[in-house]
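User: I'd like to go through this one and ask what stands behind each label. Can you start with what counts as a contact?

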Amino acid sequence: MTLPVFKKHDPPAVLAPMAGITDAVFRSICVEHGCDFTYTEMVSAKGLKYGGKKTEALLAAADNEKPCAVQLFGSEPDIVADMIKRIADEYPGEIAMIDINMGCPMPKITSNGEGSALMLDEKRAAKLMYAAARATELPVSCKFRKGWDDGHVNAVEFAGIMEENGASLLTVHGRTREQLYHGEADRDIIRDVVRAVKIPVIGNGDVFSGESAKAMLDYTGCAGVMVARGARGNPFIFGEIRAALSNAPYTPPTDFERMSEAVRHAELFLEKKDPKLFPELRKHMAWYTKGMRGALDVRRAVNTAGSPEEMLGILRKFGDQLLTTGE
Ligand SMILES: Cc1cc2nc3c(=O)[nH]c(=O)nc-3n(C[C@H](O)[C@H](O)[C@H](O)COP(=O)(O)O)c2cc1C
């Protein structure tokens, strides 16, 4: 059961929204590697309403990912519905789906009753979905967790409430809010949600390889998998998943190939974004170089580089070294 928005493969492998990480540059690289669908980083509905330029900038999508999902967070049904209408009008043809964040665990979000706090307030969450789904012809989905904590595991009931109120698709991360990103994601709860609703469910949590994507699909019966941390510094994971799902052989990238992709990521970033933001690249470069011989030194150099040109020079040199050592 696949929504038409997931245009490439069935079952789809999608890139999760990750604030501060999955910008349009990284998303476009993931699409090149076979990612089937992308989401913007979470965007504050209130921030949009009150005209934050930084918030507005988060809506920009790369050409190869359009149409993609816009993920909004908020707790006030009227504001969320108004912002959905606005962005659907402003970006015709660029948005395939609106996703409402009901899983973010960060205190600065939950203290406003947003993100995963909505799992503790099912009535508000229901009103929010009802208003969102009626604000647009686009499908509206929501992304939530297993529950708030071990005493409040309500993903199955919550899924039913979202479905009743107009959600077209659900994404479930198999951890509670209290767990943040610790412990193992619970596949049983994802399977239970899949069985409880008629709409498609995307399984999320601990997909770090082709094999784990296959295990998520086989065990839970979910309609697709969502990858978050497994894609950091590793857009290749989408090719790996596709190979695993079609029983095709997969050859992992060499260190040189990974580094070439890191350099390309940095170049694209500097071309598409404000080069003054180059320190944002540091974390990506640390992820790309993880486990490579000499990575510690290159990371240190990248972290102290005073300009984008210096950073690029360090990365290119490291890539060339890997080529000569055949790694
Ligand atoms: C740094 C970071 C930022 C995140 N930002 C978002 C976000 O903006 N919206 C959202 O729904 N989830 C966000 N998440 C949660 C992920 O989308 C995903 O649900 C979670 O990491 C579990 O998947 P994984 O085990 O594949 O990492 C974020 C996770 C991380 C680690």
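Analyst: Sure. Two residues are in contact if their C-beta atoms, placed from the backbone, lie within 7 Å. Keep in mind that this is a predicted model.

User: By that rule, what is Val80 in contact with, leaving aside its neighbours within four places in sequence?

Analyst: Val80 is in contact with Ala45, Leu72, Gly74, Ile100, Leu128, Ala131 and Ala132. Val80 is also among the residues that touch the most other members of the largest nonpolar core, along with Ile98, Ala132 and Val225. That core has 97 residues, and it draws at least three from each of domain 1 (13–245) and domain 2 (255–325).

User: What makes the length of H6 agree with a helix?

Analyst: H6 covers residues 122–134, so at 1.5 Å a residue its 13 residues should span 18 Å. The end C-alpha atoms are 18 Å apart, which agrees.

User: Which residues of H6 are called buried, and what do they pack against?

Analyst: The label needs 20 or more other C-beta atoms within 10 Å. In H6, Ala125, Leu128, Met129, Ala131, Ala132 and Ala133 are buried. They pack against helices H4 (77–90) and H7 (155–164), plus strands E4 (95–102) and E5 (140–147).

User: Which residues come nearest the ligand?

Analyst: Ala16, Ala19, Met42, Ala228 and Arg229, out of 23 around the ligand. The shell divides into 12 nonpolar, 7 polar and 4 charged residues.

Terms used
Residues are numbered from 1 along each chain as its sequence is written. This is a predicted model: local features need pLDDT of at least 70, side-chain atom pairs count only at pLDDT 80 or more; totals for chains, interfaces and linings use all residues. A residue is near a molecule or strand if its C-beta atom, placed from the backbone, lies within 6 Å of it. Ala, Val, Leu, Ile, Met, Phe, Trp, Tyr, Cys and Pro count as nonpolar, Asp, Glu, Lys and Arg as charged, and the others, Gly among them, as polar. A nonpolar core is a set of buried Ala, Val, Leu, Ile, Met, Phe, Trp, Tyr and Cys residues joined through C-beta atoms within 7 Å. A residue is buried if 20 or more other C-beta atoms lie within 10 Å of its own, exposed if 12 or fewer, and partly exposed in between; C-beta atoms are placed from the backbone. Domain bounds come from an automatic or database domain assignment. Helices (H or I, at least four residues) and strands (E, at least two) are DSSP runs, numbered from the N terminus. The expected span of a helix is 1.5 Å times one less than its number of residues.
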